[in-house]
Amino acid sequence: KPKILIAYFSRTGENYAVGNIEIGNTEVFANYIKDYTNADMYKIEPEVPYPESYEETQTQALAEKNNNARPNIKNELANFSNYDIIFIGYPIWYEDMPMIIYTFLESYDFSGKTIIPFNTHEGSGNANTYDTIKSKLSSSVVLEGLSIKGQDVRNSQNQINNWLKQLGY
C-alpha cells in the first residue's frame with residue numbers, strides 16, 4: 001500500500017473574502033483530503049511567521065516574489081523518502097505559489113514520487129502553478145490537481161471527495 005503525505009502551506013489571520021480566520025483556507029482543504037485518505041499531514045511553516053494583517057502579508061509576499069526569495073521552513077519533514085504519493089497544497093499569491101512552496105520543492109528529492117497539487121485562490125484558478133510543479137519535479141508523476149476558491153472551500157468537501165475518487169482513492 002503506498003504511503004501518502006499531505007504537505008501544505010496555509011495562512012491564518014486576516015484573509016481576503018473570508019475575514020479573520022483561525023484555520024487557513026488551504027488547511028481546511030488539506031483536512032478534507034486527510035478525512036478521505038487518512039494520509040499523514042505536514043504543515044509547511046515559515047521560520048518567520050507572516051503578519052496577521054492581510055495587507056502586510058501581501059506586501060511581504062510580493063517582495064518575496066520579486067526577489068525570488070526562498071523563505072526558511074521552520075519544521076523539517078522527517079522520513080520524506082518513505083512517502084510514495086504527496087499532495088502539495090498552497091494558496092495562490094500574486095499569480096504564483098507562495099515562495100515557501102519553492103523552498104519546499106527544492107528541499108527534498110521528489111524523484112519517482114506521485115505528486116498531486118491542490119490550491120485555494122480568489123479568482124486565478126491554479127495560475128499555471130501545476131505546470132510549474134511539473135517542470136520543477138520532472139522526475140515525478142504530477143497528477144491533475146484541484147483548485148477551489150478560498151471563500152468556497154468550507155463548503156467543498158463533496159467536490160474534494162469526488163476529485164479524490166476520480167484520482168482512484
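Where does Ala17 lie? Ala17 sits in the loop that joins β2 (13–15) to β3 (19–21). The structure shown here is a predicted model, and this loop is a convenient place to enter it. The backbone of Ala17 has a phi near 70°, a positive value in a residue other than glycine. With a relative accessibility of 46%, Ala17 counts as partly exposed, because that class runs between 20% and 50%.

A positive phi is also found at Asn128, which is not a glycine either; here the angle is about 60°. Asn128 belongs to the loop between β6 (114–121) and α4. Its relative accessibility is 53%, so Asn128 counts as exposed.

The loop of Asn128 leads to helix α4, and α4 has a helix partner. Helix α3 (residues 99–107) and helix α4 (residues 129–136) have axes that come within 11 Å and cross at roughly 25°. Since angles under 35 degrees count as roughly parallel, α3 is roughly parallel to α4. The crossing of these two helices is right-handed. On the α3 side the residues that meet the partner are Tyr102, Leu105 and Glu106, and on the α4 side they are Thr132, Ile133 and Lys136. Sorted by class, the contact of α3 with α4 holds three nonpolar residues, one polar residue and two charged residues.

A second helix pair is formed by α1 and α5. The axes of helix α1 (residues 25–37) and α5 come within 10 Å, and they cross at roughly 55°. How are α1 and α5 oriented to each other? An angle of roughly 55° is neither under 35 degrees nor in the range from 65 to 115, and α1 and α5 are therefore oblique to each other. The crossing in which α1 passes α5 is right-handed. From α1, the contact is made by Phe29, Tyr32, Ile33, Asp35, Tyr36 and Thr37. From α5, it is made by Gln157, Ile160, Asn161, Trp163, Leu164 and Lys165. By class, the contact of α1 with α5 has seven nonpolar, three polar and two charged residues.

Individual residues show this contact in more detail. Asn161 has its place in helix α5 (residues 157–166). Is Asn161 buried or exposed? Its relative accessibility is 16%, and because buried means under 20%, Asn161 counts as buried. Apart from neighbours within four places in sequence, Asn161 is in contact with Tyr32 and Tyr36. Both of these tyrosines are among the α1 residues that make the contact with α5.

On helix α1, Val28 is another residue to look at. Val28 is buried, with a relative accessible area of 11%. Its C-alpha atom is separated by 9.4 Å from that of Gln157, although the two residues are 129 residues apart along the chain. When neighbours within four places in sequence are left aside, the contacts of Val28 are with Ile23, Val153 and Arg154.

The contact of α1 with α5 also includes an aromatic pair. A pair of aromatic rings is described by the distance of the centres and the angle of the planes. By the rule used here, the count comes to 13 aromatic pairs. One of them is the pair of Phe29 and Trp163, which is edge-to-face, with 6.1 Å centre to centre and 75° between the planes. This pair links distant parts of the chain, as Phe29 is in helix α1 and Trp163 is in helix α5, 134 residues apart. Phe29 counts as buried, at 0% relative accessibility. Trp163 is buried as well, with a relative accessible area of 6%.

Trp163 also pairs with Phe87. The ring centres of Phe87 and Trp163 are 6.0 Å apart and their planes stand at 75°, so this pair is edge-to-face. It too links distant parts of the chain: Phe87 is in strand β5 (residues 85–91) and Trp163 in helix α5, with their positions 76 residues apart in the numbering. Phe87 is buried, with a relative accessible area of 0%.

The two pairs belong to a wider group. Phe29, Phe87, Phe118, Trp163 and Tyr169 form one aromatic cluster. Within this cluster, Phe29 comes from helix α1 and Trp163 from helix α5, while Phe87 comes from strand β5.

Conventions. Residues numbered from 1 in each chain as written. Predicted model: local features only at pLDDT ≥ 70, side-chain atom pairs only at ≥ 80, totals over all residues. Heavy atoms only, no water. Helix = DSSP H or I, 4+ residues; strand = E, 2+ residues; numbered from the N terminus. Buried < 20%, exposed > 50% of the residue type's maximum accessible area, 1.4 Å probe, protein only. Contact = heavy atoms within 4.5 Å. Axes fitted to C-alpha atoms, helices over the stretch in contact; angles between N-to-C directions. Parallel < 35°, antiparallel > 145°, perpendicular 65-115°, else oblique. Left-handed = near helix turned anticlockwise from the far one by under 90°. Nonpolar A, V, L, I, M, F, W, Y, C, P; charged D, E, K, R; others polar. Phe/Tyr/Trp six-rings, centres within 6.5 Å; stacked < 30°, edge-to-face > 60°.
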